[in-house]
Amino acid sequence: MFHFNKYFYLILVLFFNQILVYAEEKPYSKKELKSGSSFSKKETRAIENDDFSNPGMIWVEKGEEIFNSPEGINNTACADCHNQSNNSIVGVAAGYPKIDKASNLLVNLEQKINLCRKNKMKVKIYEKESDSLLSLSTYITFLSKDQPMNVSIDGEAKKYFLRGKKLYFQRIGQMNLACNQCHDQIAGSFLRSEKISQGHINGFPSYLMRWDSIASVHKRFQFCNTQARAEPLEIGHIDYNALQLYIAWRGNSLLIESPSVRR
Ligand code: HEC
Ligand code: HEC
């Protein structure tokens, strides 16, 4: 009898585990995950894969320069505190967005860079989407190239994750469209001569040829909102961070490809 009870208990646990797993099922299994570059045109992919022709590499170089330039009353550079032997930032981009321990808020890489400027360097923070900020984040992300995306949705991050997930499936705007309707349901089909991808962010910051500029994840969200005739949020909005966390998680294990090149 005792044995039976124990067995029964095990089945119960397995059953509830099943429910938990189901509740957080990803739209694409690990095997089905495809990075955005596999949906772009062959010519565009060729530009991306060649460091000499990839225009995003200019941002990487600019970012490296800023990273090594001293500033402020203490005359410090990022590189003084972040180098091979101390607080290395190689690989960290794969874990963003993540909870900033000091503020307990979910921050993305651009926001974390500005936190370091404000708190550690005591210099003025960069404007959102400015060349300097995007150069730095592109450089830092480039230092994680080919590493698997690996964001955490545990602990304090959980509530943001759930918020982001909700936003991803929420129909909005004049066309009453949710992100998943394009990026999960009809990925692979064309929208105005552009092939719709699975909507991952492992290529971000990403170089957009139509703008001749690097774009952050939030900038891309704004663009998708606008294209689907919905009101975009401000860059840096906490809801965009939440959405970014959900999307990063759903693409966890994809290798970082930034700076990717898109039309
Ligand atoms: C009407 C269809 C549509 C909707 C709705 C839509 N997108 Fe997109 N999205 C596109 C198209 C088209 C592109 C450009 C081709 C591509 O990369 O998928 C794109 C690109 C992206 C990319 C860049 C992928 C890459 O590899 O460069 C991301 C990220 C993204 N969308 C996220 C979102 C999010 C988040 C939402 C919801 C707020 C959303 N999209 C809603 C059509 C849509
Ligand atoms: C005076 C030293 C100092 C300077 C200068 C500094 N940082 Fe930091 N930075 C730190 C410390 C310490 C941490 C780890 C604690 C934390 O997260 O706040 C950190 C954390 C970070 C992280 C997060 C790493 C992770 O594991 O998630 C990034 C990214 C970062 N810094 C980028 C920069 C950039 C870019 C600059 C230059 C604009 C810069 N830092 C300047 C000390 C510094």
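## Exercises on two ligand shells and two helix pairs

Of the 16 residues around ligand 2, those that come nearest are C78, C81, V92, C116 and K120, where a residue counts as near a molecule if its C-beta atom, placed from the backbone, lies within 6 Å of it. This is a predicted model, in which local features need pLDDT of at least 70 and side-chain atom pairs count only at pLDDT 80 or more, while totals for chains, interfaces and linings use all residues. Residues are numbered from 1 along each chain as its sequence is written, and chains are lettered from A and ligands numbered from 1 in the order in which they are written.

**Exercise 1.** Find which elements give two or more residues to the shell around ligand 2, and which gives the most.

*Solution.* Begin with the elements, which are α4 (78-81), α5 (109-121) and α6 (131-142); helices are DSSP runs of H or I with at least four residues, numbered from the N terminus. Next, α5 gives the most, with six residues.

**Exercise 2.** Describe how α5 and α6 pack.

*Solution.* First, their axes, which are lines fitted to C-alpha atoms over the stretch in contact, lie 9 Å apart at an angle of about 110°, on a scale from 0 to 180 degrees between N-to-C directions. That makes α5 roughly perpendicular to α6, a label given to angles of 65 to 115 degrees. Then list the contact, for which C-beta atoms placed from the backbone must lie within 7 Å: L109, E110 and I113 come from α5, and L133, L136, S137, I140 and T141 from α6.

**Exercise 3.** Find which residues come closest to ligand 1, and which element gives the most to its shell.

*Solution.* Ligand 1 is surrounded by 25 residues, with G36, C179, C182, S197 and C224 the closest. The elements that give two or more residues to this shell are α8 (179-183), α9 (217-227) and α10, and α9 gives the most, with five.

**Exercise 4.** Work out how helix α7 and helix α10 are placed.

*Solution.* The axes of α7 (residues 158-168) and α10 (residues 238-250) come within 7 Å and cross at roughly 90°, and the two helices are therefore roughly perpendicular to each other. The contact includes Y160 and F161 of α7 and L245 and W249 of α10.

**Exercise 5.** Decide where the model calls for caution.

*Solution.* The chain averages a pLDDT of 93, pLDDT being the predictor's confidence in each residue, from 0 to 100. Residues 9-15, however, stay under 50, with zero contacts beyond four places in sequence. Where pLDDT is low, the predicted coordinates should not be read in detail.

Notes:
Parallel < 35°, antiparallel > 145°, perpendicular 65-115°, else oblique. Contact = placed C-beta atoms within 7 Å.
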